[in-house]
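Let us walk through this structure step by step. Keep the sequence and the 3D view side by side as you read.

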Amino acid sequence: MKRGVLIVLSGPSGVGKGTVRKALFEEPDIDFQYSISMTTRQPRDGEVNGEDYFFVTREAFEQKIADGEMLEYAEYVGNYYGTPKSFIDDTLASGRDVLLEIEVQGALQVKEKMPEGAYIFLTPPDLRALKERLIMRGTEQLDVIDRRVHAATKEIQMMANYDYAVVNDEVSLAVQRIKDIIKVERLRVNRVLPEYIAMIEELEES
Ligand SMILES: Nc1nc2c(ncn2[C@@H]2O[C@H](COP(=O)(O)OP(=O)(O)O)[C@@H](O)[C@H]2O)c(=O)[nH]1
Ligand SMILES: Nc1ncnc2c1ncn2[C@@H]1O[C@H](COP(=O)(O)OP(=O)(O)O)[C@@H](O)[C@H]1O
């Protein structure tokens with residue numbers, strides 16, 4: 001059976017990963033499974049355990065690491081974030097596509113282990129826009145925002161380690177760019193070859 005396509009969407013906090021991911025999942029022709037991460041940070045208002053994240057204690061997270069249950073994990077601005085491994089393995093093995101939305105250190109750990117995925121770095125038009133977006137979102141205090149923008153200056157330097165960079169200037173444009181990348185990835189892993197063969201047969205018949 002064909003394996004699913006792995007898409008890793010990464011980039012600095014506040015660049016719009018969550019916004020772009022949600023818009024992407026609303027597209028009628030996108031049928032990806034979303035990998036729900038585990039974190040030790042506190043839930044924000046409106047966030048649901050098991051939908052936005054699996055919210056756990058530090059002890060529970062460290063136990064998962066010790067048991068080898070995390071595909072990757074990173075400590076980011078004082079909290080652990082990580083990807084449970086079994087969901088990714090099972091979903092790809094069953095032929096379904098998976099999207100991970102994670103920060104840069106974690107994405108590069110996954111790339112080491114699963115180089116066949118498509119690694120996309122979402123970048124802000126500039127750092128001023130990034131800070132403005134974090135302030136507008138209003139979910140963090142200014143000191144945490146400053147730490148996140150500081151982390152972003154380092155993260156942006158890692159862009160060259162990705163397969164693709166996508167500018168999030170307008171959400172709809174970023175979504176279209178990612179959809180084009182997904183098309184290329186499907187071609188690369190042979191998933192649309194049968195469609196092309198069918199097209200050739202049709203052309204030959206006409
Ligand atoms: N390495 C890793 N990073 C993650 C994971 N889940 C989320 N993140 C990243 O951790 C960072 C902080 O996440 P969060 O506190 O939810 O803030 P937000 O993404 O800025 O809304 C973001 O860059 C997320 O993309 C994960 O499973 N692994
Ligand atoms: N293209 C964009 N232009 C302007 N604001 C944006 C854009 N994309 C996202 N935002 C806003 O920026 C803030 C951060 O976006 P979010 O998706 O939470 O980022 P991330 O998941 O990368 O931390 C949100 O308030 C969001 O509405």
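Which of the 16 residues around ligand 1 come nearest? They are S13, S37, Y81, E103 and G106. Keep in mind that this is a predicted model. The shell around ligand 1 draws on several elements. Helix α1 (17-25) supplies at least two of its residues, and so do the strands β5 and β6. Sorted by character, the shell holds 4 nonpolar, 7 polar and 5 charged residues.

Now follow β5 and β6 into the sheet. The sheet is open and has 4 strands, in the order β4-β3-β6-β5. Its pairing is mixed. The edge strands are β4 (54-55) and β5 (70-76), each of which pairs on one side only. The partner of β5 is β6 (residues 79-84). These two strands run antiparallel, and 6 bridges join them. Look for E75: it stands opposite Y80 in β6.

Next come the helices on the sheet. Helix α4 (residues 104-113) packs there and touches β5 and β6. Its direction makes about 155 degrees with that of β5. Helix α2 (residues 58-66) lies across β3 (38-39), β5 and β6. Helix α2 runs at about 140 degrees to β5.

Finally, turn to ligand 2. It is surrounded by 14 residues. The closest are G16, K17, G18, T19 and R133. Two helices, α1 and α5 (127-137), each supply at least two residues of this shell. Here the division is 3 nonpolar, 6 polar and 5 charged. Helix α1 thus appears at ligand 2 as well as at ligand 1.

Methods. Residues are numbered from 1 along each chain as its sequence is written. Chains are lettered from A and ligands numbered from 1 in the order in which they are written. This is a predicted model: local features need pLDDT of at least 70, side-chain atom pairs count only at pLDDT 80 or more; totals for chains, interfaces and linings use all residues. Two strands pair if DSSP finds at least two bridges between them. Two residues are in contact if their C-beta atoms, placed from the backbone, lie within 7 Å. Axes are lines fitted to C-alpha atoms, for helices over the stretch in contact, and angles run from 0 to 180 degrees between N-to-C directions. A residue is near a molecule or strand if its C-beta atom, placed from the backbone, lies within 6 Å of it. Ala, Val, Leu, Ile, Met, Phe, Trp, Tyr, Cys and Pro count as nonpolar, Asp, Glu, Lys and Arg as charged, and the others, Gly among them, as polar.
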